[in-house]
Amino acid sequence: MAPIATQAPVSTSVAGKKKPVIEGELDFSSSVIVADAQANNYENYKYKDLIPQYPEVEWDPLELVEVPKDRALLADPNNNYANLFRDASLVRHLNPKIGTEIYGVKLEELDDTQKNELALLLSNRIVVFFKDQKDFDLDKQLEFGRYFGPLHKHPSAGYPVVNGKAYDEVVAIWSDTFTGRRGLNTGYPGWHSDATFEKQPPAYALLKIITNPSSGGDTLWLSGYALYDALSPNLQKYLEGLTAIHTDKIIYDGFKNIGKHVRRSVVYNEHPVIRTHPVTGYKSLFVNPNFTQSIVGIPKSESDAILKYLFNVISTFQDATIKYKWSTNDVAIWDNRPSLHTATTDFDIELRHGVRVTPIGEAPFFDPNSKSQKVEWDADLKKKQEAAAK
């Protein structure tokens, strides 16, 4: 079935009268959302096995690993994602440059051709949301993620332990009224790309929300391609010759400060400030206030001033930014290389719980022959206008 536009109902008829459909009614008179919550006891919680644990184990520093050829390069770039979209009931773009929602597609049923097209779609749309994935359980999510590359093991975030089995390739996203806003006060300043402190940061990320607040708990994403294009040509040229140090010290210290065991020592790795995407060839800004510590080879005062400016651009940029309102069993898959994201901290009394897997990608690089998304798009638009005028 071809994708079609749909509209959610706004009212239903009851005994000849219209009754409004109200979703997510809020009751601020009580903070008791989950059964047994007053006792801080999740014994009866449906997903209690997926609550994050922090086993006291030690991990060695990560070494470089071999990653497969990017699956997007195996997709047909000219068929408009015909295989991926063939069972979709609705495909909706959320912003001209970032974010697409897909309804009617079951992730666990995608074949390799469809997964390749998904990777190609991600390289262009950056984040894609799949609605109502209730049958996409943790094992299926892990299998799906491994198609895109070996999975990253986060050195400090909690992971599930199910029947004694450690799911240490999973990050458990957890926040409830007892652990406080955002679950753990680990000092995160917000916008980030996942694990850029690694030698090979994740290429992709797959997050399923299994329990969601009735209101709030949204996530924002923005385009690193567009961030690069928002900079002046002179600043673009200057930054293209620079590298920066990324480190996980902020989360290492944060988890230590709240008494959680961290499984690996702090790491420091050097990456280009402007990164080239291996599929699109587009340049993107590759710094973030969580993990980027300093720019290499320039005075500290200059590094601090430049990073402060870039972080301000990130935090105030709106043109290629989306804010996504989750529904339970939604799955977001994003290309971690040209994107940043941040959670909102606007829910205090309800539970928010998700599970994420992150396939590892190539070591970040800058190709001086890479291109600007805006420049290419403007050139294509000009060609179309000239053709239409003939």
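Helices (H or I, at least four residues) and strands (E, at least two) are DSSP runs, numbered from the N terminus. This is a predicted model, in which local features need pLDDT of at least 70, side-chain atom pairs count only at pLDDT 80 or more, and totals for chains, interfaces and linings use all residues. Residues are numbered from 1 along each chain as its sequence is written, and side-chain values use heavy atoms, with hydrogens and water left out.

**View 1. The second largest pocket and its lining.** A pocket is an open set of points on a 1 Å grid over the protein atoms alone, where a 1.4 Å probe fits, with protein on both sides within 12 Å along at least five of seven lines. Lining residues have an atom within 4 Å of a point. The second largest pocket has a volume (the space filled by probe spheres set on the points) of about 490 Å³. Its lining has 20 residues, and N80, Y81, L121, N124 and R125 are the closest to the centre. Two elements, β3 (90-93) and α2 (112-125), give two or more residues each. Helix α2 gives the most, with 4 residues. By type, the lining holds 11 nonpolar, 6 polar and 3 charged residues. Here Asp, Glu, Lys and Arg count as charged; Ala, Val, Leu, Ile, Met, Phe, Trp, Tyr, Cys and Pro as nonpolar; the others, Gly among them, as polar.

**View 2. An open sheet of 7 strands.** The order is β3-β4-β5-β17-β9-β19-β8, with mixed pairing. Two strands pair if DSSP finds at least two bridges between them. The edge strands, β3 and β8 (171-175), each pair on one side only. From one strand to the next, the twist averages 20°.

**View 3. Helices against the sheet.** Strands β5 (127-130) and β17 (331-335) pair antiparallel over 4 bridges. V127 stands opposite W334 in β17. Helix α2 packs on the sheet and touches β3, β4 (100-103), β5, β9 (204-211) and β17. Contact means heavy atoms within 4.5 Å. The direction of α2 makes about 125° with that of β5. Helix α3 (138-146) also packs on the sheet, touching β9, β17 and β19 (352-357). Its direction makes about 35° with that of β19. Angles run from 0 to 180 degrees between N-to-C directions.

**View 4. Strand β10 and its two partners.** All 5 of the 5 residues of β10 (219-223) are buried (under 20% relative accessible area, 1.4 Å probe, protein chains only), so the strand is largely enclosed by the rest of the structure. T219, W221 and S223 cover one side, L220 and L222 the other. Antiparallel to β10 runs β16 (321-324), joined by 4 bridges. There, W221 has I322 as its bridge partner. Strand β18 (339-343) is also antiparallel to β10, with 5 bridges. T219 stands opposite A343 in β18.

Conventions. Buried means under 20% relative accessible area, exposed over 50%, partly exposed in between (1.4 Å probe, protein chains only).
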